[in-house]
Amino acid sequence: MTLGFSDVHFSYPALSVPALTGATLRFAAGEAVALVGRNGSGKSTLMLLANGILRPGQGAVTLDGQAVRYDRRGLLDLRSQVGVVFQNPEEQLFSASVYQDLSLGPLNLGFSSVEARERVLHAAGRCDLLNLLDRPTHALSGGEKARAALAGVLAMGPRFLFADELTNSLDPWMRANVLEIFADLLADGCTVVLATHDHALAASWAQRAVWLDAGRVRADGPADVVLTALRQQLPPAFSHRRQTADARPPAAVSAGLNEVPL
Amino acid sequence: MQHIDRFAYANRLTRLHPAYKVGCSALALVLCLGVPHPAAGLSVLAAMLMLAIAWAGLPSAFVLKLALGEASFLALGVLGVAVSVSTSASAMPNVRMGPLWFSVSPDTLWTASVLFARALGGAAAMNFLALTTPVVAIVDLLRALRVPALLIDLMTLIYRFTFTLFDSFGRMTLAHEVRLGFRDGRRSLRSAADIGANLFVEAFRRSRRLDLALQGRGWDGALRVLPHAYDHPRWLNRGAR
Amino acid sequence: MLPTTVNGAGLPDASDHGTPAARVGVHFAVSRVRGRAIAWALAATVFGLGSRAAFAAPEPMHIMEGFLPPLWVALWFAVAIPFWVIGFVQIRRLVADRPEARLLLGLAGAYAFVLSALKMPSVTGSCSHPTGTGLGAILFGPFVMSVLGAIVLLFQALLLAHGGLTTLGANTVSMAIVGPLVAWAIWRGLRGRLPEDWVVFLAAALADLLTYVTTSAQLALAYPDPVGGFTASFIKFGTIFAVTQIPLALSEGLLTVLIFRGLRSNAAAELKTLGVQGA
């Protein structure tokens, strides 16, 4: 099963600069892909196109070689295969009940209550939410909310999962939880595409990286190669400052640290 | 708000089907309003406090404090009913102050005491419902009662986003507080207006992003969800078997 | 969405005046003119506190559960229902045109709820909260507000123990129908004839004030004075509003003008989406 972008162009109506120009990409089953690039480089647009929320102005999004149909049926098909989790989980949970929030997707796909319930429980199990299903959404921690948002998408049983900076605001423990879930999905042959600014994470987690730059695919290939190329483009001030800090902390800083009363 | 909501999710009756709890409170309200005697209200008060403490297992201190607060406000409230005011002397014992005559009659006292007991009982019934039943369960009940889906969706969204907007509201207030935004009246008004406007913009943008996220989950208008499974009282199960 | 007064909003505390006997004593000790003034002040205090307390603790502005007799419970529901029906039909039409309006209205309701927690300085120096009915009516129209307002009132009863189920009809009429209708009428009627700031100010301030006039009328109708009838009772329950609510209404008017200016400059596109005139 593959998800393809062939020469996709997209511009937002109000903006003069195109958000995506001539993107040609192919995602195969079971790939762990990091999507990197600056803010505004087109990562989110790519995800919205993958899920059919946006329609390409030119070019086509294809599922198994078939161009996506943008009618109700076609979109439901696409969305049952391609799931998107957005950056802020807080904004994606519409219900105060985790259980009910998770049930939205399966019911939208037309599953019966019994099947939908099974899917909800399965997704909740995957995301370690089974004991939180009765908890109100507003009582969840940030990591739990991220897992709930993820489970809401997984309950639809997607073969391709796009996660837009989902791990960004999470502490290392919560992030490890999310990465474990990704690992499970990958083992099942699901493709996971993670947009991230965390290049260390991208390098260690992904096999492949796609670098978007001002709406174009700048590089696409093995994660270490793409990220090395990307690192050379980082602003010099950043690497300079980090080197001096590593080598020798300024005297004032170390003195200040010692003076902190305990 | 957080207190009541938290108790609603963490008491012995949380998982009990909301129909029983709404039924209890409704019965109590009917008794309070239907029987114009202070005894009705006071016995409802006692019963609802008992149910809240003994059946739902809520901390008695919290339940009693809530009722006591309401009682003290009510005591003042019924004063307006107990005392009549007029520009001329009436047949009742009068106290004159300036152009006004104040009087108390057995009738007004009776009305006031019925009202006091009734409102106290009614408030206790509401407290019982609010403290034992999560809003989600009440919305589930309304859904089962075939309230239009659109109304159910609005309730679901309003309840959910009240909490997220309160969070944003807290952050915005703090941001103004640390910049001395509430130092005097003028500044407070400006800060309040700023927060009010920003919160609106935030609510609007949130609704857009939620739209995207829900579209991605195949949403096309109605927010279909599965109802929760609720418990039924043990005696009922025994009867059914 | 409901203004409340913290620390009595400049209202003298009952304890300032001692026991009733002491109050009468005051009258005999002072001149006739001053006595009259004091009498009014005392009346305002006694009945003011009384009517304040008629609403639920600790934010005492909704009519409390059980405070209205069955007849008035039914009557105010009967008044509210047509507005709910019209509002619901309007919302259904909005949602049929644009499915995302459902989400926006949900957020709008939550916004109304949270707005009622906004700290608003009153002219008298104390702090209070806005009703938000004026702003809501300008943004969403009075009928939509009657539905959103009723849901918010229901949640306030369930989450804050303010107001109640049987008094939901009466509270909707005062807070989610009369207030918004007044604001909407002023906004519609005066726009273009007065500077916009003035129109917004009048809409919000009068909506706030009339919300409370309605509440006192509702209480006076349910509990007319046995001697003076509805009028005496209305004055009794209404005195407080003359004393405390006018400054609060002014504050809410000012606040709404400032919020509306903020929206004009930061959220012009959003206002346009809502179809707010002139945006």
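The following paragraphs describe the chains of a predicted model and the interfaces between them. Local features are restricted to residues with pLDDT of at least 70 and side-chain atom pairs to pLDDT 80 or more, whereas totals for chains, interfaces and linings use all residues. Residues are numbered from 1 along each chain as its sequence is written, chains are lettered from A and ligands numbered from 1 in the order in which they are written, and side-chain values rest on heavy atoms, with hydrogens and water left out.

Chain A contains 10 helices and 10 strands, where helices (H or I, at least four residues) and strands (E, at least two) are DSSP runs numbered from the N terminus. The C-alpha trace of chain A extends over about 65 × 45 × 35 Å along its principal axes. Its radius of gyration is 20 Å, which agrees with the value near 18 Å that a compact globule of 262 residues would have; this radius is taken over C-alpha atoms, and the globule rule is 2.2 Å times the number of residues to the power 0.38.

Chain B, by comparison, is built from 10 helices and three strands, and from the N terminus on its elements follow the order α-α-α-α-α-β-β-β-α-α-α-α-α. The radius of gyration of chain B is 24 Å, well over the 18 Å given by the globule rule for 241 residues, so this chain is more spread out than a compact globule. Along the principal axes, the C-alpha trace of chain B spans about 75 × 70 × 35 Å. Two domains are assigned in chain B, domain 1 (2-133) and domain 2 (148-216), with bounds that come from an automatic or database domain assignment; the centres of these domains, taken over C-alpha atoms, are separated by 33 Å.

Between chain A and chain B, 35 residues of the former are in contact with 32 residues of the latter, contact meaning heavy atoms within 4.5 Å. The two chains bury about 3000 Å² between them, 56% of it on carbon and sulfur atoms, buried area being the accessible area (1.4 Å probe) that two parts lose on being put together, summed over both. Five salt bridges are found across this interface, each defined as a side-chain nitrogen of Lys or Arg within 4 Å of a carboxyl oxygen of Asp or Glu. One salt bridge joins the side chains of Asp220(B) and Arg72(A), with an N to O distance of 2.1 Å. The same interface holds 17 residue pairs in polar contact, both residues being at pLDDT 80 or more; a polar contact is a pair of N or O atoms within 3.5 Å, of which, within protein, one must be able to donate a hydrogen and the other to accept it, and residues adjacent in sequence count only if both atoms are side-chain atoms. On the side of chain A that touches chain B, two or more residues each come from helix H2 (72-81), helix H3 (98-108), helix H4 (113-126) and helix H5 (142-154) of chain A, and H3(A) gives the most, with nine residues. By class, this side divides into 16 nonpolar, 12 polar and seven charged residues, where Ala, Val, Leu, Ile, Met, Phe, Trp, Tyr, Cys and Pro count as nonpolar, Asp, Glu, Lys and Arg as charged, and the others, Gly among them, as polar.

Between chain B and chain C, 80 residues of chain B are in contact with 83 residues of chain C, and the buried area is about 7200 Å², of which carbon and sulfur atoms give 82%. Leu150(B), Ile158(B) and Phe200(B) supply 10% of the area that chain B buries against chain C, more than any other three residues. The rule finds two salt bridges across this interface, and Arg205(B) forms a salt bridge with Glu270(C) in which the closest N and O atoms are 3.2 Å apart. Four residue pairs are in polar contact between chain B and chain C. Helix H9 (residues 185-216) of chain B gives the most to the side of chain B that touches chain C, with 22 residues.
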